[in-house]
Amino acid sequence: MWKILMGNMSVAPFDAILLMSFGGPEKPADVLPFLQNVTRGREIPDERLEEVGEHYYMFGGKSPINEQNQALLRALQDEFASRGIDAPLLWGNRNWEPYLAEVVGNHARMHGSRRFLAIDTSAYSSYSSCRQYREDFAGAVAALEAEGIEVMIDKVRQYYNHPGFAQAQLECLRRGLADLKRLVGSLNRSRHKILFVTHSIPTAMQKSSEKFTAGYQGQHEELMAWLSGELHGDEQLDAELVFCSRSGSAHTPWLEPDINDRMRELSESGTEAVLVVPLGFVSDHMEVKFDLDTEAAQTARELGMAFLRADSVGILPAFVSGLVDLVLERAAQVRGEHPEQRTISGSKALGPGSGACSRNCCEGTRGKNTVPNWNLDKPAS
């Protein structure tokens, strides 16, 4: 339904497609080393990391993210096959096995591949959700160059406003509202609310993300507005954006309100039930399983508030098909073609007509930011 019927299904000039994600531990012994990888350079003591690790130990020391990425990889492979795309599809991570540089290096050695196109598992723009992936690519390129292997890694554009991702989110939202209606009997705008949830980021990172675009928060709000506009009848509950997974110093400002704080305020003003929609996450990994399904659900129980969490997009066909559309779109752009950049109504694709980013877009705040020159472009006008 959501496939682009392109005449050219080639991913040339790319030799392989790379699913790039955050990574997560597979067993209790992995938890501390994994968290050390995540926080490298921040000088966070192991004692503090062990405290954070309790979230993983509650689930047997294993993050669900790896199995979810494997499921997405299989779904992408099936979609490739259905379209006659025979490019290799690989999986690499930032913080745990399989590591990005090892995956790319091994494939380059075995098959002579030199140009890779990445699909990352984050839909929005910010340092952590986009630029840091590009810095990971630059690090992998440099590490392999030191071994005498020259590769290039590009990526698809951020896809928060691509119809595939948006329609998958709408499907999750509507199913969640139907489940909430069965739970509470009937939906009532004065007593029931939709809480769209995403990962909080420091306000300095938010400001950096606004340099050339609506920014991290603004992109969420744009998608929320489209989703709300697609609802009908008693589905049209009031909705707002809240945040989870804040970390770091209490003195550093982060985006607010926290979901738990906001639920308490809503309870005091008469809200009796909430539908929590993990808008900022593509699958049910630890921030969803702990911060929402465990912590926020416990807050709701304490408040006597009905709580229901909608599904994440996971491997819904619209989402998977949309990712493949983005692969074909970026490949065509690199070939010098001008494919349609599909977006939701009222939106437009980010950047200067390509999947590339500005050289100083979404810069970090902890020192030098490096990105490979070949996947950058001029700023959006």
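## Close-up views of a predicted model

**Figure 1. A patch of negative charge that includes helix 2.** Glutamate 54 sits in helix 2, which spans residues 46–57. The model shown here, and in every view that follows, is a predicted one. Glutamate 54 has a relative accessible area of 44%, which makes this residue partly exposed. On the surface, Glu54 gathers with Asp46, Glu47 and Glu50 in a patch of negative charge.

**Figure 2. An aromatic pair of phenylalanines, Phe22 and Phe34.** Searching the whole structure turns up 9 aromatic pairs. In one of them, phenylalanine 22 meets phenylalanine 34 edge-to-face, with 6.1 Å from centre to centre and 80 degrees between the planes. Phenylalanine 22 comes from the loop between strand 1 (16–21) and helix 1 (28–38), and phenylalanine 34 from helix 1, so the pair ties together parts that lie 12 residues apart in sequence. Are the two rings buried or exposed? Phenylalanine 22 is partly exposed, at a relative accessible area of 28%. Phenylalanine 34, by contrast, is buried, with a value of 1%.

**Figure 3. An aromatic cluster of tyrosines and phenylalanines.** Here you can look for six side chains by name: Tyr124, Tyr159, Tyr160, Phe165, Tyr216 and Phe319 form one aromatic cluster.

**Figure 4. A buried salt bridge between Arg157 and Glu329.** The whole structure holds 27 salt bridges according to the search, and this view picks out the one where the side chains of arginine 157 and glutamate 329 meet, at 2.6 Å from N to O. Arginine 157 belongs to the loop between strand 4 (152–155) and helix 6 (163–184), while glutamate 329 belongs to helix 11 (residues 317–334), so this contact ties together parts 172 residues apart in sequence. Both partners, arginine 157 and glutamate 329, are buried. As a reminder, side chains of opposite charge can pair when their charged atoms come close.

**Figure 5. Aspartate 234 paired with lysine 181.** In this salt bridge, the closest N and O atoms of aspartate 234 and lysine 181 are 2.9 Å apart. The pair links distant parts of the chain, with aspartate 234 in the loop between helix 8 and strand 6, lysine 181 in helix 6, and their positions 53 residues apart. Aspartate 234 is partly exposed at 35% relative accessibility, and lysine 181 is likewise partly exposed at 35%.

**Figure 6. Aspartate 238 paired with arginine 189.** Which partner does aspartate 238 find for a salt bridge? That partner is arginine 189, and the closest N and O atoms are 2.7 Å apart. This pair links distant parts of the chain, 49 residues apart: aspartate 238 is in the loop between helix 8 and strand 6, and arginine 189 in the loop between helix 6 and strand 5 (192–199). Aspartate 238 is partly exposed, with a relative accessible area of 32%, and arginine 189 is partly exposed too, at 49%. For another place to look, Glu79, Arg83, Asp325 and Arg342 are joined into one network by salt bridges that share partners.

**Figure 7. Glutamine 236 in the loop between helix 8 and strand 6.** Glutamine 236 lies in the loop that runs between helix 8 (215–229) and strand 6 (239–244). With 39% relative accessibility, glutamine 236 counts as partly exposed. To connect this view with Figure 2, the C-alpha atoms of glutamine 236 and phenylalanine 34 are separated by 42 Å, and the two residues are 202 apart along the chain.

**Figure 8. Two cis peptide bonds, each leading into a proline.** Most residues other than glycine have a negative phi, and most peptide bonds are trans. Alanine 12 and proline 13 are joined by a cis peptide bond with omega at about 15 degrees, and proline 13 is found in the segment before strand 1. The bond from glutamate 256 to proline 257 is cis as well, with omega near 10 degrees. Proline 257 lies in the loop between strand 6 and helix 9 (259–268).

**Figure 9. Serine 245, a residue with positive phi.** What is the phi of serine 245? The angle is near 65 degrees, a positive value in a residue other than glycine. Serine 245 is found in the loop between strand 6 and helix 9. Its relative accessible area is 14%, and serine 245 is therefore buried, under the 20% limit.

Notes: Residues are numbered from 1 along each chain as its sequence is written. This is a predicted model: local features need pLDDT of at least 70, side-chain atom pairs count only at pLDDT 80 or more; totals for chains, interfaces and linings use all residues. Side-chain values use heavy atoms; hydrogens and water are left out. Patches are made of residues with over 30% relative accessible area and no salt bridge: like charges are joined within 9 Å, nonpolar side chains (Val, Leu, Ile, Met, Phe, Trp, Tyr) within 5 Å. Accessible areas come from the Shrake-Rupley method with a 1.4 Å probe; for residues, only the protein chains shown count as cover. A salt bridge is a side-chain nitrogen of Lys or Arg within 4 Å of a carboxyl oxygen of Asp or Glu. Lys and Arg count as positive and Asp and Glu as negative; His and the chain ends are not counted. The place of a charge is taken as NZ of Lys, CZ of Arg, CG of Asp or CD of Glu. Helices (H or I, at least four residues) and strands (E, at least two) are DSSP runs, numbered from the N terminus. Buried means under 20% relative accessible area, exposed over 50%, partly exposed in between (1.4 Å probe, protein chains only). Rings of Phe, Tyr and Trp (its six-membered ring) pair if their centres lie within 6.5 Å; planes under 30 degrees apart count as stacked, over 60 as edge-to-face and the rest as tilted.
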